[in-house]
Amino acid sequence: MKIVVCIGSSCHIKGSRQVVEKLQRLIAEKNLGDKIELGGTFCMGQCQKGVCVTVDEEFCSVTPDTVEEFFETKVLAAL
Amino acid sequence: MSNIRKFDTKVQHLKYKVLREVARLAWNDTLLENMMDIPMTIVPGKTPTMRCCVYKERAIVAERIKLAMGGDSSNPNIIEVIDIACDECPAAGYEVTDSCRGCLAHRCEDVCKRGALSFDHNHVAHIDKTKCVECGACAKVCPYSAIVNRKRPCQNACKVKAISINESNAASIDNENCIQCGACVYQCPFGAIMDKSFILKAINLIKESENNTKHKVYAIVAPSISSQFTYAKLGQVITGLKELGFFTILEAALGADMVAVEESKELVEKGFLTSSCCPAFVRYIKQNYPQLVPFISHNLSPMATLAKFLKECDKDAKVVFIGPCTAKKAEAQLDSVKEHVDAVLTFEELQALFDSRDIDITTLEEGVLDNASYYGRIFARSGGLSDAVAQGIKEQNLDFELKAVPCDGIEACRMALIKKAKNILDGNFIEGMACIGGCIGGAGCLTHGEKNKAEVDKYGKEALEKTISDAVSMLDMMK
């Protein structure tokens, strides 16, 4: 599975660094490092919906507060 | 608001109008058919406003059009003289004017170590050109300010002495000595020296991208933008760039953060370094102090570092750098850089591009630009790079006592390099900035003002990321 987080200006201001750090922690906790590849991009063209994240191309809107929920429903559920 | 107030001088405004009209036609794919109409558009009617007649004015505009379209490809220099625009200013050096009152004191004579001053039967001073070495001491001591230096503004601006006067009395640039800083471009009161423009390249990249579907066109903007477009908000400039067709906009300051990390490590490893951010400074070392070349940091500039990184993430990316600098246009043509940066524009040219599409940025919503740290952003002003390297050393817990020598302007750079060549420099890191004030003094700025340094510092403090390591920490997962 490939998760891509936008780190462009707009998403960065909305907390993409916290989103990335939380995802890294969750992936490590669940020992999913070999199943999930975490990547970044500079813009997904949907800045209003940031923090923009894609899970295998599926677009998701995430905030630092919804990372856990996102991880449960979009990542763990799909694995 | 009137366009002229967006610039420091009317020369810039004229240059801008030509760029704007060339761009306007280029967007519509009608440049080749209609470019001959531009001189009439810019110089209508029969009354000259700049030169002896409208025909000369139009002929000069035609030369500007050539430069706006990329200039003389047989001349490797980014900076070109428009021969017919050169007004052949007096260049006689120190001269006594009719303000000389024929006084008794003769301070001018006393101070002249060369015995170049003599006096006629009216006791009026004369300077013997065969003896005068143009030290200027006589002019300084004259109580009537009667002695003036008739030096051409271009030659006065060129601190590396690359401008001479050719057989037809026009200014001529020695490409071997020129560092392409653009000081003469900004200082020539007749606008007779201009930087080649690559607006057509940028327009083509945007058009060929077909709304960023064929490839994505990224704009990398220099942090000195914080002191520019003062009539609007920075966020509006960012939105304007997207309206122009750029996919997204990145801060060159993020590249500066990346450079600060690497450059501080390199400094600790080698013990002495000169910076490599300013392409005019790097060129100056290569041309004048070849023995110091090994000390030039091996890092690419912030522009090239970030552009290279972008292309590693998105191999089809096209990158346009937008900044205050004419020398960056030359840097982008170097073998080590040209694969990373596709075109370089100045802030002047960006203004022309906005207006060529009738984009009034003051009416736009504010976008955001925030990736870099405070330290990356203050690269835009003299001293900022040294501060960033000090911070890089601190954040990486490197054991090294930094003694930075920030050089503000190419003359200060020269002094430090001379000392280093003689091994008497008190310092281990030369920060070289060819323009006075650093990048905010660049020739491609729309305006140059007292407050620009404060604007850069303010912009720096507004950065979300407070440390260099936080700013660059996100990049590792990109590849």
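This is a walk through a predicted two-chain model, one selection at a time.

Before you click, some housekeeping: residues count from 1 along each chain as its sequence is written, while chains are lettered from A and ligands numbered from 1 in the order in which they are written. Since the model is predicted, local features need pLDDT of at least 70 and side-chain atom pairs count only at pLDDT 80 or more, whereas totals for chains, interfaces and linings use all residues.

**Stop 1: chain A as a whole**

Select chain A and switch to cartoon. You should find three helices and four strands; here helices (H or I, at least four residues) and strands (E, at least two) are DSSP runs, numbered from the N terminus. Trace the chain from the N terminus and the elements come as β-α-α-β-β-β-α. The C-alpha trace spans about 30 × 20 × 20 Å along the principal axes of chain A. A compact globule of 79 residues would have a radius of gyration near 12 Å, and the 11 Å of chain A agrees with that. That radius is taken over C-alpha atoms, and the globule rule is 2.2 Å times the number of residues to the power 0.38.

Colour by burial next. Buried residues make up 35% of the 79 residues in chain A. A residue is buried if 20 or more other C-beta atoms lie within 10 Å of its own, exposed if 12 or fewer, and partly exposed in between, with C-beta atoms placed from the backbone. As for contacts (C-beta atoms, placed from the backbone, within 7 Å), residues 24 or more positions apart account for 67% of those in chain A with a separation of 6 or more.

**Stop 2: the sheet of chain A**

Show just the strands of chain A. The four of them form an open sheet in the order 2-1-3-4, with mixed pairing; two strands pair if DSSP finds at least two bridges between them. Strand 2 (37-41) and strand 4 stand at the edges of this chain A sheet with a single partner strand each, so one side of each has no neighbour in the sheet. From one strand to the next the twist averages 25 degrees. Angles run from 0 to 180 degrees between N-to-C directions, and axes are lines fitted to C-alpha atoms, for helices over the stretch in contact.

Now zoom in on strand 1 (residues 2-6) of chain A, which runs parallel to strand 2 of chain A and is joined to it by five bridges. One bridge to pick out pairs K2(A) with E37(A) in strand 2. Bring back helix 2 (residues 16-29) of chain A: it lies across strand 1 and strand 2, at about 160 degrees to strand 1.

Over in strand 4 (residues 58-61) of chain A, click E58(A). Is E58(A) buried or exposed? It is exposed, because 9 other C-beta atoms lie within 10 Å.

**Stop 3: across to chain B**

Select the contact between the chains: 11 residues come from chain B and 13 residues from chain A. The chain B side has eight nonpolar, two polar and one charged residues. Ala, Val, Leu, Ile, Met, Phe, Trp, Tyr, Cys and Pro count as nonpolar, Asp, Glu, Lys and Arg as charged, and the others, Gly among them, as polar.

Then colour chain B by domain: domain 1 (1-69), domain 2 (74-89 + 152-196), domain 3 (93-150) and domain 4 (200-478). These bounds come from an automatic or database domain assignment. Eight residues of domain 1 of chain B are in contact with eight residues of domain 2 of chain B. On the domain 1 side of that contact in chain B, helix 4 gives the most, with five residues.

**Stop 4: the 10-9-12-13 sheet of chain B**

Select strands 10, 9, 12 and 13 of chain B, an open sheet in that order with parallel pairing. Strand 10 (248-251) and strand 13 (343-346) of chain B are its edges. Inside it, strand 9 (residues 217-221) and strand 12 of chain B pair over five bridges, and V221(B) has I322(B) as its bridge partner in strand 12. Helix 11 (residues 252-270) of chain B lies across strand 9, strand 10 and strand 12, at about 40 degrees to strand 10.

Last click: D316(B), in the loop between helix 13 (302-313) and strand 12 (318-323) of chain B. D316(B) is exposed, with 9 other C-beta atoms within 10 Å. Leaving aside neighbours within four places in sequence, D316(B) is in contact with H215(B) and K216(B). K214(B) is 102 residues from D316(B) in sequence and 8.5 Å away in space, C-alpha to C-alpha.

Conventions. Two residues are in contact if their C-beta atoms, placed from the backbone, lie within 7 Å.
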